[in-house]
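Me: I'd like to go through the labels people put on a model like the one below and check what stands behind each. Can you take my questions one at a time?

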Amino acid sequence: MSGLFYFYFGAILGSYFQSLNSRMAKDQNLNFSNLNTESRRSNCDICGNDLQIFELIPIISFLFLKGRCRHCNQKISIEHLTSELLFGLIVLSLSFNASLDLNFASSILFFCLLFAIALFDLKFFLIPKNYLFVLILTSCVFALVNEYVVNFIFALFFTLSIWLMKYILDNVKKEETFGLGDVFIIFALGCYFEPILFSLIILTSALSGLVIFTIRFIFSNPEKKLPFGTLMALSAFSIEVLV
Ligand SMILES: [Zn+2]
């Protein structure tokens, strides 16, 4: 029964982050601050009609409405349902072997932010800076409360090394090799995970990036950008749940 509760709690968060992502996608500056000027009510992506409360119930509304808008009868983006299911599974997985404490709440916030970033990066190859700000704040508070001094120092040195590498590569190649957003995610991961697990996350993300690049190089377009933020989120979550 508690499993169902955690899953549905995650689905509610998934619904929230999905609507936040689509609102931020419309905002050029990727800011939370400008969102208040828009209608506070959720509306249909296609016809723009305000949605009633019964149309906003995660998963259930989508199934009840058979994936179509009640006003314009157009198909609702499957992204809504997939986000709700994905975040539901994330919170459910985190709840295994966890007790109701501050660390559990921090891990839910940390991974929800990480996956909101991952979904945004996957679609737009961009990372909203306000997500990064809250993610770094969450990871620093997590490290501080648990007195993870080693994590913090290791994360700081590792991030500075990556930033220096980016600076040199950008200047040599005369183009941006990878985004600054990725560097900030690396710092947040370093604060959250102990050094050995953190290194494993960076290693598996880099290796999976290399595999994708090689496949693209052989079969299609190697110039296409890699959503490295998404790869790091997947890698971090796998290690959090499996190790
Ligand atoms: Zn509609």
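Reply: Sure, starting with helix 3: in this predicted model, its buried residues are His80, Leu81, Ser83, Glu84, Phe87, Gly88, Ile90, Val91, Leu94 and Ser95. The cover over them includes helix 1, helix 2, helix 4 (102–124) and helix 9.

Me: What makes Ser95 count as buried?

Reply: Ser95 has 20 other C-beta atoms within 10 Å. The cut-off for buried is 20 or more, so Ser95 qualifies as buried. Ser95 lies in helix 3, and its C-alpha is 7.1 Å from that of Tyr6, although the two are 89 residues apart along the chain.

Me: How do you know that the span of helix 3 agrees with what is expected?

Reply: Helix 3 has 18 residues, and at 1.5 Å a residue they should span 26 Å. The expected value takes 1.5 Å times one less than the number of residues. The end C-alpha atoms of helix 3 are 26 Å apart, so the two agree. Just after helix 3 comes Asn97, with a positive phi of about 60°.

Me: Why are helix 1 and helix 3 called oblique to each other?

Reply: Helix 1 (residues 2–26) and helix 3 (residues 78–95) pack at an angle of about 135°, and their axes are 6 Å apart. Roughly perpendicular covers 65 to 115 degrees and roughly antiparallel needs over 145. An angle of about 135° fits neither, so the pair is oblique. As for handedness, helix 1 passes helix 3 in a right-handed crossing.

Me: Which residues meet there, and what is the make-up of the contact by class?

Reply: On the helix 1 side they include Gly3, Tyr6, Phe7, Gly10, Leu13 and Phe17. Among those on the helix 3 side are Glu79, His80, Ser83, Glu84, Phe87 and Val91. By class, the contact of helix 1 with helix 3 has 13 nonpolar, nine polar and two charged residues.

Me: What makes helix 8 oblique to helix 9?

Reply: Helix 8 (residues 195–219) and helix 9 (residues 228–242) have axes 9 Å apart and pack at an angle of about 135°. That makes helix 8 oblique to helix 9, since roughly antiparallel would take an angle over 145 degrees. Helix 8 passes helix 9 in a right-handed crossing. Residues making the contact include Leu197, Leu200, Ile201 and Ser205 of helix 8, together with Phe228, Leu231, Met232 and Ile239 of helix 9. The classes come out as eight nonpolar, five polar and no charged residues.

Me: What is the span of helix 8, and which of its residues are buried?

Reply: Its 25 residues reach 36 Å from first C-alpha to last, close to the 36 Å expected at 1.5 Å a residue. Phe198, Ile201 and Ser205 are the buried residues of helix 8, and what covers them includes helix 7 (180–192) and helix 9.

Me: Last one: why does Ser61 count as buried?

Reply: Ser61 has 21 C-beta neighbours inside 10 Å. Set against the cut-off of 20 or more, that count makes Ser61 buried. Ser61 lies in helix 2 (residues 60–64). Leaving out residues up to four places away in sequence, Ser61 touches Phe54, Glu55 and Leu56. Thr159, by contrast, is 98 residues from Ser61 in sequence, with 43 Å between their C-alpha atoms.

Technical notes: Residues numbered from 1 in each chain as written. Predicted model: local features only at pLDDT ≥ 70, side-chain atom pairs only at ≥ 80, totals over all residues. Axes fitted to C-alpha atoms, helices over the stretch in contact; angles between N-to-C directions. Helix = DSSP H or I, 4+ residues; strand = E, 2+ residues; numbered from the N terminus. Parallel < 35°, antiparallel > 145°, perpendicular 65-115°, else oblique. Left-handed = near helix turned anticlockwise from the far one by under 90°. Contact = placed C-beta atoms within 7 Å. Nonpolar A, V, L, I, M, F, W, Y, C, P; charged D, E, K, R; others polar. Buried ≥ 20, exposed ≤ 12 C-beta atoms within 10 Å, placed from the backbone.
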